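Reader: I'd like to know how the labels used for this model were earned. Could you take me through them one at a time?

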Amino acid sequence: MTLDTKGDESLQPVTSTVVGDTTKSVDERNLDEAAKYLADHEEFGPMTPEQEKKIVKKIDSWMIPLLVFCATLSAVDKVEIGTASLYGFQTDNGMVGQQYSWLGSILPLGVSHNIPGKLLATGSLLWSLCTMCYAPCRTWSGFMGLRFLLGFLEAVSTPCFTVLVASFYKKEEQPPRNGIIFAYFSSIFNGFFAWVIGYIPASAPLLKWQYLYLLTGSINVLYSLFLFFVLPDSPMNAFFLTPEQRYHATRRLASNRTGIANRVWKWDQVWEALLDVKVWLIVLFNIAINIPNGGLQAFGSIIINNLGYSPLVSSLLTMPFGVLATGGAWAFSYIAAKWHNRRALTAALALILPIFGTALVYGLPRTNVPGQMVGLYFMYFYWPPYVVAISLIQANTGGMTKKAVTYCLVTIGYAAGNLIGPQTFRSNEAPRYATGVTVMLVSYCICMLILMAYWLVGSWENKRKDRKYGKPEEVHEGTIDGFVDVTDRKQHDFRYTT
């Protein structure tokens, strides 16, 4: 990436006939890679609705499976520590007090110190190798180091998924794809792997939890190598599209006004990101929503086990976590895509479900096992609001440097929430974990307030732009409009999705 050290006053505008007949004066450093791509390739004429449907379907058939499986294996690597505990992970390694809770917290601490930038496949390969290293490790300090390193390497995952969705899909298409890619399939896979491991005889040379890490790590290593060669960065280098389809798949994204790629680092965009209220609202939301996430990832299966179920049954009972969270994410992402400018409100309404579940777990006696299980399952509906909120930063962040800073800050928020979450589950409060459940309930309520604030701020900024610049104009065919590396705030025709 090139560093832009000159101020705006020193920019020398040039004439850029990027697509078709246009003479719009734009500095070359402000041109998106997509604009240059379209200028350098043969123009294929207007795209018909039938062609667009075929292109989107083709992108879906390749990108969705590639990203879903990568996201799922990444999540399995993170959450299987809870399953390993069902098979003696804590006792075999002599963990006492809050040592296990710290293993849940140290993972996101590693995330917070990494700026996403490496290829997703490379990061996936490295964290898979790290996962396999769990098997020979037998000390708490060793596991702390591995968990930190795993978090450091996995920091590339969510920003990469977010950027890839924004680089292939229009704003209105992004929420449903997020709902699929960020699906909670990890609980289903993890439960299945744990069930398989449960049948390994006690006479086997390794401990059961060691086989769990070797199995999942090996699968992910092989998949990462495959991903390295087939996953494209954008429509411009998607091998599964024809030259004409690549052209149209790129050009149709101009209406997003958020660009696809630009390699010039712009400090003015850094400061804008740091001073943008909407960015900090999403960061705060990510902290609050991931406090329950961190706790449930580390303690969900343990809570079930504490209700009196065997390790084998407990591992199977974790599988509905993924079904409910995934189904909820799909449903609310679909609503967010269809209910125009109500994404924040959709996410806020979705939070009613985990609030209900948390209240059940907190209020019902431990002897009411069916009621406790229903409450626990409803607690996993915290995932749909998180997925819907991801689409807000995808739709509302223009300028590639601002995107990079925003995604980094949001990742830090994710890490902070997951760092706090496991610490709210105190070992001396087992099996009820009253503090952890109470903190979850408070976190969900805070999330609702933050989302309502985001909706109000975004709506106010849209009205302010309407008063100042009038109603926004559509992107003009045959121009560079929509592919200039300018932030959302500086684009007169950019309106925020709320």
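**How the labels were earned**

Reader: Why is Cys 160 called buried?

Author: Cys 160 has a relative accessible area of 16%. Buried means under 20% (exposed is over 50%, partly exposed is in between, with a 1.4 Å probe and protein chains only), so Cys 160 counts as buried. A word on the ground rules: this is a predicted model, in which local features need pLDDT of at least 70 and side-chain atom pairs count only at pLDDT 80 or more, while totals for chains, interfaces and linings use all residues. Residues are numbered from 1 along each chain as its sequence is written, and side-chain values use heavy atoms, with hydrogens and water left out.

Reader: How many disulfides does the structure hold, and how do you know?

Author: The structure holds zero disulfides, a disulfide being a pair of cysteine sulfur atoms within 2.5 Å. For Cys 160, the nearest cysteine sulfur belongs to Cys 70 and is 8.7 Å away.

Reader: And what makes Cys 133 fail as a partner?

Author: Its closest cysteine sulfur is that of Cys 130, and at 6.0 Å this is too far for a bond. Cys 133 has a relative accessible area of 39%, so this residue is partly exposed.

Reader: How many aromatic pairs are there, and what counts as one?

Author: The search of the whole structure finds 16. Rings of Phe, Tyr and Trp (its six-membered ring) pair if their centres lie within 6.5 Å; planes under 30 degrees apart are stacked, over 60 edge-to-face, and the rest tilted. Take Phe 161 and Phe 182: their ring centres are 5.9 Å apart and their planes stand at 85°, so this pair is edge-to-face.

Reader: What makes that pair of Phe 161 and Phe 182 a tie between parts of the chain?

Author: Phe 161 is in helix α7 (residues 157-168), while Phe 182 is in the loop between α8 (174-181) and α9 (185-197), so parts 21 residues apart in sequence are tied together. Helices here are DSSP runs (H or I, at least four residues; strands are E, at least two), numbered from the N terminus. Both rings pass the burial test: Phe 161 has 3% relative accessibility, and Phe 182 has 6%.

Reader: Why is the pair of Phe 356 and Phe 378 called edge-to-face?

Author: The planes meet at 80° and the centres are 5.2 Å apart, so the pair is edge-to-face. Phe 356 sits in helix α17 (residues 352-363) and Phe 378 in helix α18 (residues 369-379), 22 residues apart. Phe 356, at 42% relative accessibility, is partly exposed, and so is Phe 378 at 25%.

Reader: What puts the charged end of Lys 171 over the ring of Phe 494?

Author: The charged end of Lys 171 is 4.1 Å from the ring centre. The rule asks for NZ of Lys or CZ of Arg within 6 Å of the centre and within 35 degrees of the ring normal. Lys 278 sits over the ring of Tyr 496 in this way too, 4.1 Å from its centre.

Reader: Why is the contact of Glu 52 and Lys 170 called a salt bridge?

Author: Their N to O distance is 2.9 Å, and a salt bridge is a side-chain nitrogen of Lys or Arg within 4 Å of a carboxyl oxygen of Asp or Glu. Glu 52 lies in helix α2 (residues 49-86) and Lys 170 in the loop between α7 and α8, 118 residues apart. Both are buried. By this rule the count comes to 14 salt bridges.

Reader: How do you know that Asp 60 and Arg 177 form one as well?

Author: Their closest N and O atoms are 2.8 Å apart. The pair links helix α2, which holds Asp 60, with helix α8, which holds Arg 177, 117 residues apart. Asp 60 and Arg 177 are both buried.

Reader: What about Lys 402 and Asp 488?

Author: At 3.0 Å between the closest N and O atoms, they form a salt bridge. Lys 402 belongs to helix α20 (residues 400-423) and Asp 488 to the segment after α21 (434-469), so parts 86 residues apart in sequence are tied together. Both residues are buried. Shared partners join Glu 272, Asp 276, Lys 278, Lys 402, Glu 461, Asp 488 and Arg 489 into one network.
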